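Trainee: I am new to this structure and would like a close look at a single part of it. Please take the cavities, and then place them in their surroundings.

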Amino acid sequence: MAFYVDIVNSALIVAVLGFSLNFLIGYTGLISLAQGAMYGVGAYATAIVATRAGLDLPLTVVLSVAVTAVGYTLIAWPALRVTGEYLILLTLAVQFVLVGVYTSWTSVTGGSGGIAGIPRPTWLTGSEFPSPTDLLPFVLVIFFIGLGLSLWIGHSPFGRTLRAVRENESAAVSIGKNVTYYKVMVFLLAGVLAGLAGAAYAHYLAFVSPVSFSLDQSIFLIAVIVLGGAGNIFGTVLGSFILVGFPQLLLLLELDNQVAGLAQRFAYGLLLVLFMIYRPQGLVPEYLHIPLRRVAPARRRRDVVAGTRRSRNPGPPTGDGDGDHPVVVATELCKSFGGVRPADGLSLSLPRGKITALVGPNGAGKTTVFNLLTGVTSLDAGRVELHGRDVTDLAAWQRTGLGLARTFQDVRIFGGIRVIDNVTTAIPDQPGDRVSSLFGRPWATWRTSVDTTEKALSYLDFVGLADRAGALASTLAFAEQKLLGLARLMATEADVLLLDEPASGVDRQWVDKILELVRELASDGRTVCIVEHNLEIVRALASHAYFMDAGKIVADGTPDELMADPHLASIYFGRSGPPTEDTHAGD
Amino acid sequence: MKRTSRARARLAAAGAALALTATACGGSGGAGGGTETLNMGALFAMTGEGSFYGDVMSKGSQLAVDQVNSGGGAHGYTFELQVEDHRSGQVDAAVSAARKLLNVDGATVLLSSFTAPTVAVQPLAVDQGVLLLNGGGVGSDLVGKENLYNNRMLGAQLLPAMVSWSAERHNAQRVATIFWNDAAGRSDNEAVKQGCQQAGCQVVAEEPHAIGTTDYSAQLARIRSANPDMLVIGSYGNDVGYIIQQARRVGLTVPIIGNEWTPDAAKIAGQAMEGYTAIIDRFDPATSDPEGKAFAQEYERRYGEEPEFYAANYYDLTRFVLPALIKMAGDAGEDPTEPGVLAAEMATAVEQGHEFDTVYGESMTFNQDGTVVKPAAVFEADGQGQITPIATFEDGRIVMPGG
Amino acid sequence: MIHPATAIHPATADFGPAPQLAFDGLLVGSFYAMLAVSFGIIFSTTRTFHFAHALTFTVGAYAGVVAAEAGLPFWSAVLLGALAAAFFGVASDLLVYRPLRRRQAKQLNIFLASLGFLIAGEAVVQYVFGPNSRPLPSVPVTGVQFGSLATSSLQILIAVVSWLFVLLVAAFLRWSKYGLAIRGVESNAVLADAFGVSRTLIFVLVFFIGSFLAGAGGVLFAARDTATPGMGLEPLLAAFIAVFIGGIGSIAGAAVGGLVLGFAESLGAIVLPGYLTNIVAFVILFLVLVVRPRGLLAPRTT
Amino acid sequence: MPAIDPILDIAGLHTGYGSREAVFDVSLSVGEGEVVTLVGHNGAGKTTTLKAAMGLLAVWAGEIRFLDRRITNSSSAANVRRGLCMLLEDDFVFRDLTVAENLQLAAFTTASDRAAEIRRDVFELLPVLADRRGQRAGTMSGGERRMLSVGMALMSEARMLLLDEPSLGLAPVLVEQVMGLIEQLVAERGLSVLMVEQNVDQALRIADRAYVLRAGRIVVEEDASALRQRSQWWDLF
C-alpha cells in the first residue's frame with residue numbers, strides 16, 4: 001500500500017512542479033531548462049531552515065516559496081532580453097550554475113552528500129518516521145493549494161493574457177498589454193509554485209541532494225508538460241501520473257534490472273521524439289472541448305458599437321463630437337533606420353467620426369507612420385497628441401489604454417487560443433487581468449468574468465463570428481481572421497482605430513462586409529485611419545486622404561482630388577517621377 | 001522517541017512471532033525442517049555511471065543467496081533476493097525502490113550501496129524495523145545511523161595509518177591530496193592530514209574535485225606546482241583511474257596512494273596504474289583461506305571473472321551475517337521475518353562483539369557506530385589490472401609480512 | 001587551498017600553476033574549437049538545436065574503440081569513428097529533424113525531440129556496449145615536457161588534429177563549390193533555393209561535416225579518457241557554449257569561442273577551487289547572453 | 001495570347017500562404033523573347049504568382065508549364081536547371097558573400113568551365129561587378145546590388161527571368177539603367193521576362209504585354225502600349 005501511496009505522493013508533488021513550468025512553457029511560451037534547479041532552491045531552502053534553524057512546517061513552506069519566487073524572478077531579468085534558443089541556453093546555464101552551487105557549497109548545502117534528516121512535521125503526521133500514507137494528507141494539501149492556485153491563475157484574465165503574449169507579443173502590446181509585466185509576473189508565479197513543490201519534496205523525502213535537481217530533472221519536467229499537453233493544467237496532472245507512475249509500476253514486473261532500466265530510458269526518449277513529431281500538442285489539448293456558455297447578446301448590435309467606445313481623457317475637456325477638434329495630431333514626425341527615412345518631418349491630424357486614408361507608393365512609410373503613432377517604434381523627433389494630450393513619451397500599451405489602437409496588415413490574431421478569448425483579452429480594465437486584482441479582488445474577478453464573456457460575444461456577433469466563438473482562432477479563414485482582428489480592436493474600446501490594410505488578402509465577397517463594418521465604426525463617432533493599397537477601397541471609404549511619398553506628406557484632399565493630380569499619379573506609377581535618393585540599405 | 005519506537009517494534013515483533021508460532025503449530029507444516037522465505041531487498045547502481053558496482057554487488061549477493069538456498073536454507077529460512085536500481089545514486093529512485101522492496105516484496109533486510117541512497121532510505125528502514133546493510137558506500141554520513149551497518153572499511157579508519165606508513169616508506173615530506181568534494185572525500189582528506197601529523201610531514205596541496213570528473217588538469221597543475229613528493233587520493237570509482245592516468249601523463253612521478261581500487265579504474269589508468277598502492281578491505285582472490293577460496297572459485301566459475309572486494313562484501317553480508325542473525329533470532333524464539341527482529345539481533349550482536357565469518361580469512365566485528373573492524377591490507381597495483389597485497393592492517397597499524 | 005610551500009624546500013622555486021594552466025587551456029581550448037566548429041556549422045546553417053550531437057560524438061567514439069579493439073591502427077580508428085558518426089548524423093537529420101521541419105515544429109519541440117533522441121540513443125549504446133568505460137587500446141602516449149610545462153603526447157596530438165580539422169573545414173567553406181553553397185544557404189536560404197541550391201542537400205552536407213568532426217573528436221576523447229555511454233554531454237555543452245560565445249554563423253567565431261572557453265576554464269583554476277571550474281563555462285555563457293546575446297564575435301547585426 | 005508559342009504558361013493557378021488563399025484562378029502566359037509585366041496594388045498576388053511559378057510556393061490548383069513541360073510543384077532547383085530564374089524583391093543577393101562568390105553561387109547548376117565563360121561575359125556587360133568582385137554584397141548600394149542580381153541571373157544561364165520589383169528602392173537614373181539592361185538582355189540574348197513592377201510606367205515602357213491583378217485575380221490583360229496610352233490607371237488599382 002505504502003508503495004502505491006508513495007507513487008501518488010511523488011506524482012502529486014511533480015504535478016505542482018509541473019504547474020509551475022506549465023505557466024512558463026505552456027502559457028507564456030517561455031522555455032525554462034532551469035526548472036529542476038529552481039525546484040532545488042525551494043527544497044534546499046526548506047532543508048536548511050528546518051535542519052539549521054529548526055523551523056517547522058508552515059514557516060518552512062512560506063520561506064521556500066518566497067525564496068524561490070525571488071530566485072525565479074531574478075532569472076526573468078536577463079530572460080526578458082532573449083528568446084528562442086537563447087532562452088534555452090540561458091536557463092541551461094542557470095541550471096548548471098545552481099547545481100554547481102548545490103554540489104560545491106558544502107558548508108551550506110552539504111555538497112553532493114546533500115542534507116539528511118530534515119525533521120518531519122510530527123504534529124501533523126504523528127510520527128518521526130511517517131509512512132507515505134501518513135504524509136498523504138500533507139502532500140494533498142500542497143497539491144490542492146497548487147492546483148487551486150493554478151486553476152485560478154490559468155483560467156483568469158491574467159492567464160488568458162499570458163497565452164496572448166505567447167501567441168504574439170506585438171499584438172498583445174497592441175491591445176494594451178504590458179508584456180514585460182506579464183513575463184516578470186509569470187516567472188514570479190512559477191517561482192511560487194516551484195517553491196511549494198520544493199518544500200513539499202524536502203519534507204516528504206526528509207533528504208535533499210543535488211542529483212534530484214539536475215538537468216535530467218528539468219528535462220523530465222518538460223516531458224511531463226509536453227506529454228500531458230502544454231497549456232492545460234489537467235494535462236500536467238495526467239503527465240505527472242504517467243511519467244512518475246509508469247516506471248514505478250514497471251518495477252512490479254520484476255524485469256531484469258539493467259535491461260529494464262535501459263528499456264525504460266529508451267522508451268522515454270523515443271516517446272519524446274514521437275510525440276514531438278506526431279502529437280506536439282500532447283495528450284490533453286490546451287482546450288478541451290468545453291461548450292461555451294451561450295450568452296444571448298444582451299445589447300442590440302448598435303448599442304455594442306456605440307456603447308463601448310471610450311476616450312479616457314484626463315486633459316481639459318475637448319467635448320465629444322467637437323467636430324473641428326482633431327483627435328490625433330502628429331507633428332513633424334521624424335524617424336530614420338540607417339540611411340532610410342520612412343518619416344521625414346511628417347504631420348497629420350485625424351478628425352473624429354471620419355475615415356482618413358494614408359496612400360502612397362510602396363515603401364513610402366505608411367506602416368511606419370502607424371508604428372510611430374502607436375508608439376511601437378520610437379520617434380527620433382516630433383510629437384504625437386491624443387485628445388490634446390502629449391503621448392509622445394508613452395509606451396505602446398499605454399497609448400492603447402488611452403484609446404489609440406491598431407490592426408495589422410498580417411492580422412496577428414492569437415492563433416493558438418480560442419476566438420472568444422482573442423476578444424475577451426482585449427477588453428480593458430478587467431479585474432483579474434493583473435496579479436494584484438487577481439488576488440486582491442477575487443470576488444470581482446469571478447463576478448466580472450460573465451460580463452466580459454457576454455461583451456466579447458456581442459463584439460463577435462457584431463462582426464458575424466459569434467458562432468465560431470469556441471473555435472481556435474487559427475482555424476478561421478483569413479478573411480474571418482481579419483474580422484476577428486476588428487472585433488479584437490473594438491474590444492479595446494479605443495476610439496481611435498488605425499487599420500492597416502483592413503481588406504487586403506481577402507476575397508471579394510468578404511470585402512464588402514469589412515467595408516461596411518469600418519463605415520459603421522466611423523459613423524458612430526470613432527476616429528478611423530486606414531492604410532490601403534487597393535484604391536477602390538480607399539475611394540469607397542475615406543473622406544480624406546494623405547498622399548505619402550518617401551516619408552513625407554506630399555498632398556492631401558479627398559481621394560478623388562488626389563487621383564486627379566497627375567503629379568501624384570506619376571509618383572504612384574513612376575511616370576517620370578521626381579528624383580529620389582538612391583537608398584543605401586546595407587551599410 | 002527513538003527508544004520507544006524501537007521498543008514498540010520489538011514488542012510488536014514478539015507478539016506477531018507468537019501468533020505465527022501458534023498458527024505454524026496448528027498447521028500442517030513440520031516445525032523443524034520446514035523452510036520459510038526471508039525476503040531481501042537490494043538497492044544497487046544497476047544503470048548509470050556506477051553500474052560497475054551494481055553489477056559486482058548483485059553478483060556477490062546472488063551467489064550467496066543461491067549457496068544458502070541450495071544448502072537447505074539458513075536455519076529454516078531460504079532467501080529471496082530482489083534487486084532494484086537506484087541509477088547510480090539517485091535518491092528519488094532509491095527511495096521509491098526501497099518502498100517497493102519493503103511494501104510490495106515484504107523485504108526484511110535491505111542491502112544498500114552508495115552514500116546518498118543509503119542515507120535517504122535509512123529513515124524508512126528505521127520506520128519499518130528493517131536491517132540496513134551497506135558494503136559499498138564510504139561517506140562519513142553513514143556512521144552512527146540507527147539500523148545501518150557498513151562492512152566496507154571507511155577512509156577515516158584506514159587512511160591515517162596508510163599515510164604515515166607510506167610517508168615513512170617513501171621518505172615523503174610534502175604530501176598532496178586530491179579527493180571527492182563531498183563528505184566522504186573531505187573526511188578522507190582530514191584522515192590524511194591526521195596521518196601526516198603522525199609522520200611529521202606537511203600537506204602542501206589539497207584539491208577537492210567534483211565527483212565523476214574526467215579532466216583533472218587544473219587540480220594536477222596546482223599539485224605539480226606545489227611540488228609534492230607523495231600524492232594521496234581520497235576519491236572513488238573511475239575517478240581514481242583518471243587521476244592516476246593524468247598525473248603520470250603530466251610527469252607527476254611521485255608515489256600515489258589511496259583507499260580505493262576497482263578493475264574499471266585500473267582499465268582506465270592502464271600502464272599508469274603501476275606502483276599505485278591502496279589500502280582496502282583485504283580481499284585477495286588468490287587467497288588460501290578455504291571460505292575465500294571457495295567463494296573466488298565459484299564466482300569465477302559462474303561469472304567468468306575474478307571477484308573483487310565489493311562482491312566479497314555483499315557475499316559476506318548475505319552468506320554469513322544474515323544466517324548468524326537468523327540463528328540468534330531462532331535461539332531467542334523470534335521470527336526473523338518480523339519487523340525489528342533482525343535489527344535488534346544485530347544490535348545485540350554488535351554489543352556482544354560477535355565475530356562474523358568472512359571470505360577475508362578472518363572474522364569481522366562491528367562497532368556501535370555501524371562501522372566494521374575487519375581485515376584490510378595494502379595492495380600494490382601493476383600495469384595489467386592486477387593487485388597484490390604487500391602489507392596488512394592490524395590494530396590500526398600497517399604491518400609488512402615477516403617484518 | 002594551497003599551503004605556502006616555501007618552508008621545506010626553498011630551493012625548488014614555485015612559479016605557481018599559471019603557466020601550466022594556460023598551456024592546458026590552450027590544449028583543451030583547441031579541442032573545444034573543433035567541437036564548436038562541428039556543432040556551429042550544423043546549427044548556423046540549419047538552425048536545428050541539435051542536442052543529439054552528443055550522441056553523434058559517442059557513436060563516433062565507440063566506433064573508434066571497436067575498430068581499435070579489432071586491431072586497426074589508431075589513425076584508421078579515428079577515421080572510421082568519424083565516418084560512422086558522419087553517417088549517423090545524417091541519419092538523425094533525415095529521421096528526426098526532417099519530419100519535424102516538414103511539420104513546421106517549434107524550436108522547443110525540435111529541441112525536445114533532439115533530447116529524446118539523445119536519451120534513447122544513449123540507452124541503446126549502453127545496451128550494446130555495456131555501462132562500463134571502454135578504453136581505446138594501443139594508443140601511443142608518452143609524457144612531454146617543455147621546460148616547466150608538462151602534458152602528454154596525446155594531448156598535443158589532439159590539439160594539432162583539432163586545428164587541422166578546423167582549418168580543413170574553413171578551407172572547404174571558403175574555396176569549394178559546396179562550401180560556398182553552405183554559406184549561401186546560411187546567408188539567404190530562400191535565395192539559395194531560387195538558384196537551385198537544394199536546402200535538403202545542404203542540410204545533409206552540413207550534418208555530414210559537423211558529425212564527421214564530432215566523431216573524430218569522440219575517438220580522440222576516448223583515447224584520452226575512455227568511452228562511456230554518457231560521454232557526449234560535456235563536450236557538447238562546451239561546443240554549445242563556445243558557439244554562442246563566438247557568435248552564431250562564423251567558423252572563426254566558433255573556433256575562437258572554443259579557445260576562450262578552454263582558457264577561461266583552465267585559468268579559472270588560479271582563483272577558484274578545481275571543483276568549480278566546470279561551472280565557469282556556464283557563468284561565462286550566462287554573462288555573454290546577458291551582456292551580448294549575439295555573441296562576442298557576432299558577424300552581422302541583422 | 002501571344003502570337004508565338006508560350007515559353008511559360010500558367011493556367012488556373014490557385015495558391016496562398018498557410019490557410020490564406022492569395023491568388024485565385026490566375027492564368028497567364030509569356031512568349032519566347034517576350035517581356036510581360038504584372039501590375040497591381042500591393043498585396044494583389046503578383047509576387048505570390050511568381051513564387052508559385054518558380055517552385056518556391058506550393059501550387060494548390062492549376063497548372064504551370066515551362067518550355068512545354070509540366071512544372072507544377074517541381075522544385076526550384078529543377079526549374080533553375082530548366083532555365084528559369086527568379087530575382088527576389090528583397091534580399092536578392094547573398095549579403096554575407098562577396099560579389100564574385102555571389103556570381104559563383106548563382107552558377108551552382110551550371111558547368112564550371114561554362115560558368116567561367118559567362119562570368120567574363122557578365123563582367124563585360126556589368127563592369128561595376130568586375131571592379132567590386134571582392135566586396136561583400138551587403139556593403140554595396142541598392143543599385144549595385146540590383147546589377148549584381150541581374151548578373152547572377154545570367155550566371156544561372158536562365159532562358160527566362162522572373163523579376164520581382166527590380167526597381168524597388170532605386171533612384172530614377174538607376175531604374176532606367178536596370179530597365180535598359182533588361183531590354184538589352186531580351187534583345188541580345190532572347191531572354192523572356194515576367195516582371196512584377198511597382199513602377200508601372202517603366203514596366204509598361206519595356207513590356208510587350210501587361211496583366212493587371214487586383215485582390216488575387218486578373219482584371220485586365222492588355223497590350224503594354226495600349227495600357228500605357230490610358231489617360232489614368234487609378235481605376236485599375
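Mentor: What follows goes through the cavities and then turns to the chains around them. The model is a predicted one, and the values below are computed from it.

A general point comes before the details. Rolling a probe the size of a water molecule over the atoms shows where empty space is left. Counting cavities of 30 Å³ or more gives 10. The largest cavity has a volume of about 190 Å³, and the second largest has about 90 Å³.

Take the largest cavity first. Its lining consists of 15 residues, and those closest to its centre are B:D215, B:S217, C:D24, C:T151 and C:Q155. Four elements each give two or more residues to this lining. On chain B they are helix 7 (217-226) and helix 8 (238-249). On chain C they are helix 1 (18-46) and strand 2 (149-152). Sorted by class, the lining of the largest cavity holds 6 polar, 5 charged and 4 nonpolar residues.

The second largest cavity is lined by residues of chains A and B. From chain A come A:R120, A:F129, A:P130, A:Y204 and A:L205. From chain B come B:V95, B:R99, B:A120, B:P123, B:L124 and B:D127. Helix 10 (179-205) of chain A, helix 3 (91-104) of chain B and helix 4 (115-127) of chain B each supply at least two of the lining residues. Helix 4 of chain B gives the most, with 4 residues. The class count for this second lining is 8 nonpolar, 3 charged and no polar residues.

Now the chains themselves. Chain B, which contributes to both linings, is divided into domain 1 (5-153 + 287-375) and domain 2 (155-284 + 377-399). The C-alpha centres of these two domains of chain B are 31 Å apart. Where they touch, domain 1 of chain B puts in 26 residues and domain 2 of chain B puts in 21.

Chain A is divided into domain 1 (2-117 + 128-214), domain 2 (292-312 + 416-493) and domain 3 (318-402 + 495-579). Between domain 1 of chain A and domain 3 of chain A, the distance from one C-alpha centre to the other is 48 Å.

In chain C, one residue can serve as a further landmark. C:L259 sits in helix 10 (residues 251-271) of chain C. Apart from neighbours within four places in sequence, C:L259 is in contact with C:L26, C:G29, C:S30 and C:W163. C:L259 and C:I41 are 218 residues apart in sequence, with 17 Å between their C-alpha atoms.

Chain D offers a pair of helices to finish with. Helix 3 (residues 99-106) of chain D and helix 6 (residues 142-155) of chain D have axes that come within 7 Å and cross at roughly 35 degrees. This crossing is right-handed. D:V99, D:N102, D:L103 and D:A106 of helix 3 of chain D make the contact with D:L148, D:G151, D:M152 and D:M155 of helix 6 of chain D. By class, that contact has 6 nonpolar residues, 2 polar ones and no charged ones.

Note on methods. Residues numbered from 1 in each chain as written. Chains lettered and ligands numbered in written order. Predicted model: local features only at pLDDT ≥ 70, side-chain atom pairs only at ≥ 80, totals over all residues. Heavy atoms only, no water. Domains from an automatic or database assignment. Axes fitted to C-alpha atoms, helices over the stretch in contact; angles between N-to-C directions. Left-handed = near helix turned anticlockwise from the far one by under 90°. Contact = heavy atoms within 4.5 Å. Nonpolar A, V, L, I, M, F, W, Y, C, P; charged D, E, K, R; others polar. 1 Å grid on protein atoms, 1.4 Å probe; cavity = no way out; pocket = protein on both sides within 12 Å on 5 of 7 lines; lining within 4 Å. Points joined across faces, edges and corners; volume = space filled by probe spheres on them.
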